[in-house]
Structures are given as structure tokens and as C-alpha cells.
Amino acid sequence: MRSIVASHRDDRGALLPILHAVMEEMGHVDPAAIPILADELNLSRADVYGVITFYHDFRQTPPGRRTVRICRAEACQAVGAAELADRATSRLGIGFGETTADGAVTLEQVFCLGNCATGPSVQVDGRLYGRVSPERLDSIIEVSA
Ligand code: FES
């Protein structure tokens, strides 16, 4: 943690680049890091906690082995994202922001993946899928689980 901080200490608004680096390195921002970051950056713990909880991309718990993200923004909603959301939550038995009990899959909702023209869009571990039907979502989740 301290080496990540050291490599970004001189960045403008260092907290965000540091949190992104922590996510990249560790997959989540452990709450135990909050006092370290606050101390290193001369911020209050509340300041650090506020930033971590404001941005949904900063997880405080480790993700599953695979992360399935479903776009729920307007363009995707117009072409079936709500049906995909229902399918994913019932198929996996978890809600958004949760991980299956076996640690296989974390399900997240996002609000635009930059793939609006070919929605509804789903992303699995960074790989983008467009025009995802409920049946195709089943196979994507099957491969992910
Ligand atoms: S609205 Fe879903 S990718 Fe943009």
C-alpha cells in the first residue's frame, strides 16, 4: 500500500489514482487501507472513506473469480436490459453488488459501457458483449460460473 502511495504521491489529486492502482493490484480496497491512505495523504479517514463509497468502482470486498457487469443505462434499458438484470439475479441467486456463495461470480450493474448502439450490453472481466439476449446471457454466465 505504501509503495503504491509513494508512486502516486506527486499526482494531482493523488487519492483517485492511488485507489485505482490499489484496485488494479488487489482487486478491492480493504477498509484497513483507509487509515494508511489518510495518514499518507494528510486527509481525514472520513475523506478517504467518502471517496471510496462515492464511486461504485471501488470495491471494499474481494470480487468473485469472474465479474459480470450489466449495463442498466437508458439506451440498454430501451432494448431489454431490465430483462437481463432479472435473468442474471435469478440465475445467480444474488443481487447487484453481490458475489455468489462459492466466490465464482460477482454481479454488478453499470450505467453505460460505451456500447450503446449495440445494446443491451454486458461485460465479463473486461470483455464486452453486445446485443445480449437472455439466452445468450445464460451461456455467458454459464461460462463465467
Ligand atoms: S447505455 Fe448501455 S452501453 Fe451505453
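A strand, as the word is used in these legends, is a DSSP run of E with at least two residues, numbered from the N terminus. The views below come from a predicted model.

**Figure 1. Overview of the protein chain, with seven helices and five strands.** Read from the N terminus on, the elements follow the order α-α-α-α-β-α-α-β-β-β-β-α. The C-alpha trace spans about 50 × 35 × 25 Å along its principal axes. The chain has 145 residues, of which 40% count as buried.

**Figure 2. Close-up of the largest pocket, which holds about 380 Å³ of space.** The pocket is lined by 16 residues, and the closest to its centre are His56, Asp57, Gly97, Glu108 and Gln109. Two elements, α4 and β3 (105-110), give two or more residues to this lining. Strand β3 provides the largest share, three residues. By class, the lining of the largest pocket is made up of six nonpolar, six polar and four charged residues.

**Figure 3. Close-up of the second largest pocket, with about 290 Å³ of space.** Here the lining consists of 13 residues, and those closest to the centre are Met23, Arg59, Thr67, Arg69 and Glu108. The elements that give two or more residues to this lining are β1 and β3. Sorted by class, the lining of the second largest pocket has two nonpolar, six polar and five charged residues. Glu108 is listed among the residues closest to the centre of the largest pocket and also among those closest to the centre of the second largest pocket.

**Figure 4. Close-up of a nonpolar surface patch made by Leu16, Phe54 and Tyr55.** The area of the patch is about 310 Å². Tyr55 sits in the loop that runs between α4 (45-54) and β1 (66-71). Tyr55 counts as partly exposed because its relative accessibility is 37%, and partly exposed covers the range between under 20% for buried and over 50% for exposed.

**Figure 5. Close-up of Val124 in strand β4 (residues 122-124).** With a relative accessibility of 4%, Val124 counts as buried, because buried means under 20% relative accessible area. Val124 and Thr67 are 57 residues apart in sequence, yet their C-alpha atoms are 5.6 Å apart in space. Thr67 also appears in Figure 3, as one of the residues closest to the centre of the second largest pocket.

Technical notes. Residues are numbered from 1 along each chain as its sequence is written. This is a predicted model: local features need pLDDT of at least 70, side-chain atom pairs count only at pLDDT 80 or more; totals for chains, interfaces and linings use all residues. Side-chain values use heavy atoms; hydrogens and water are left out. Patches are made of residues with over 30% relative accessible area and no salt bridge: like charges are joined within 9 Å, nonpolar side chains (Val, Leu, Ile, Met, Phe, Trp, Tyr) within 5 Å. Accessible areas come from the Shrake-Rupley method with a 1.4 Å probe; for residues, only the protein chains shown count as cover. A salt bridge is a side-chain nitrogen of Lys or Arg within 4 Å of a carboxyl oxygen of Asp or Glu. Helices (H or I, at least four residues) and strands (E, at least two) are DSSP runs, numbered from the N terminus. Buried means under 20% relative accessible area, exposed over 50%, partly exposed in between (1.4 Å probe, protein chains only). On a 1 Å grid over the protein atoms alone, a cavity is a set of points where a 1.4 Å probe fits but cannot get out, and a pocket is an open set with protein on both sides within 12 Å along at least five of seven lines; lining residues have an atom within 4 Å of a point. Grid points are joined across faces, edges and corners, and a volume is the space filled by probe spheres set on the points. Ala, Val, Leu, Ile, Met, Phe, Trp, Tyr, Cys and Pro count as nonpolar, Asp, Glu, Lys and Arg as charged, and the others, Gly among them, as polar.
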